[in-house]
Amino acid sequence: MKQQVMDYIDQSRDEMLALWEEFVNVESAKDHKAGIDSLISKVEEILQAENFQTRVISYEKAGNAVVAEFGDVEKEKPIIFIGHVDTVFPKGFLADHPFQIKDGIAYGPGILDMKGGVVSILYAVKALRAANFDTYPLKVMIVGDEESAHVDSDAKNMLLEESKNGAFAFNTETGNLENNLSIGRAGGSIFELEVYGVASHTGIDWKSGRNAIIELSNKMIEIDAASNHEAGYTYNVTLVEGGSAPNTTPDYAKASIGTRCQTKAQQEMMHQKLEEISAKTFIEGTKTTLTYLGGFDPMEVSDKNRALFEVVKKTAIELGMDEPNAVVSKGSSDSAYSQSAGVPTVCSLGPVGDGNHTPHEYAIVETLFERCKLLAVTVLNV
Ligand SMILES: [Zn+2]
């Protein structure tokens, strides 16, 4: 069966490149729901042709998602594949950066993160189907709002719930030149801290003023000091605004705070600490609100993830590829949710490249096929 799967992928090279091009040449930033939705429909169509049962989950503001299953998932736990079709590149970016291949390197918005990964999933699944693989049912979940951390949808819960019946999960997020695969990932949240003070003339009436910027500054300093680099969690004050005129006591100030952590316990503790600091008052008469804007849970490192990584590693060696490393990534991904559901998960299995989220994002073409093979053969080896 292995040879059959490998041959199928070898024979599909042109088709895979054509699909990669087709995917990259559809704009799919957060502000282009129509583009994202058309990609989700395309994924659905491809999987329907493989006799998958598909469901598109429509969201009003966010890009849609698709869940596709093959086989009896009630009876047997499925192998799960996770990916996303949205990118960080704004509307209009594509016009000057269309899909192109030069000297074995592919360029274009989302080429690496992660339209190549989605192509890998689809062709791994097609190859397994063509070889009549039926040891496990297969389940593909592709979302359309990963880059915005699912703030406008309930895709996080959807991924968590839909993962609960999984046997193993693979996420073909951005591969990297170091050949690192993620068995854990940082979590991160974004909060907004808003302080309301009292405006006054800074000369005539300075006494009745309540300075929102000073109140906010005290809080920001406490928040920053609460970071613990050794333990792996940090608070980052990233944006600040406030005040209305040089001679008016500011009655409003706002800060954005990003958090990073390794475990769910840290994430909860950090949220609580922010609540505590927010509730303190340094200047009587000011009022502070804290708003959670969104974020990712951490993908916690587990023995189950390590064990699944070992299968991937063995498969890579078997296929004559470089031996991958198991790492805990500083970036976040939807693997957090399959891991949270208790499913062994390995992430960063997509094609290899660099420059993620930048105009020079690129992927090494040959790794599209390599990673597709690695994924499909790993499924045969689990
Ligand atoms: Zn991504």
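Colleague: What distance separates the centres of domain 1 and domain 2, taken over C-alpha atoms?

Modeller: This is a predicted model, in which local features need pLDDT of at least 70 and side-chain atom pairs count only at pLDDT 80 or more, while totals for chains, interfaces and linings use all residues. Residues are numbered from 1 along each chain as its sequence is written. Domain 1 covers 2–185 + 299–381 and domain 2 covers 187–296, with bounds from an automatic or database domain assignment. Between their centres, over C-alpha atoms, lie 37 Å.

Colleague: How many residues of domain 2 are in contact with domain 1?

Modeller: Residues are in contact if their C-beta atoms, placed from the backbone, lie within 7 Å. Domain 1 contributes 6 residues to these contacts, and the number from domain 2 is 8.

Colleague: Which strands stand at the edges of the open sheet?

Modeller: Strands (E, at least two residues) and helices (H or I, at least four) are DSSP runs numbered from the N terminus, and two strands pair if DSSP finds at least two bridges between them. The order of the 5 strands is β4-β5-β17-β16-β8, with mixed pairing. Two strands have a single partner each, so one side of each is left without a neighbour in the sheet: β4 (100–102) and β8 (175–176).

Colleague: Which residue is the bridge partner of aspartate 354?

Modeller: Strand β16 (residues 352–354) pairs with strand β17 (residues 362–364) in the antiparallel sense, over 2 bridges. The partner of aspartate 354 lies in β17 and is tyrosine 362.

Definitions and conventions
Two residues are in contact if their C-beta atoms, placed from the backbone, lie within 7 Å.
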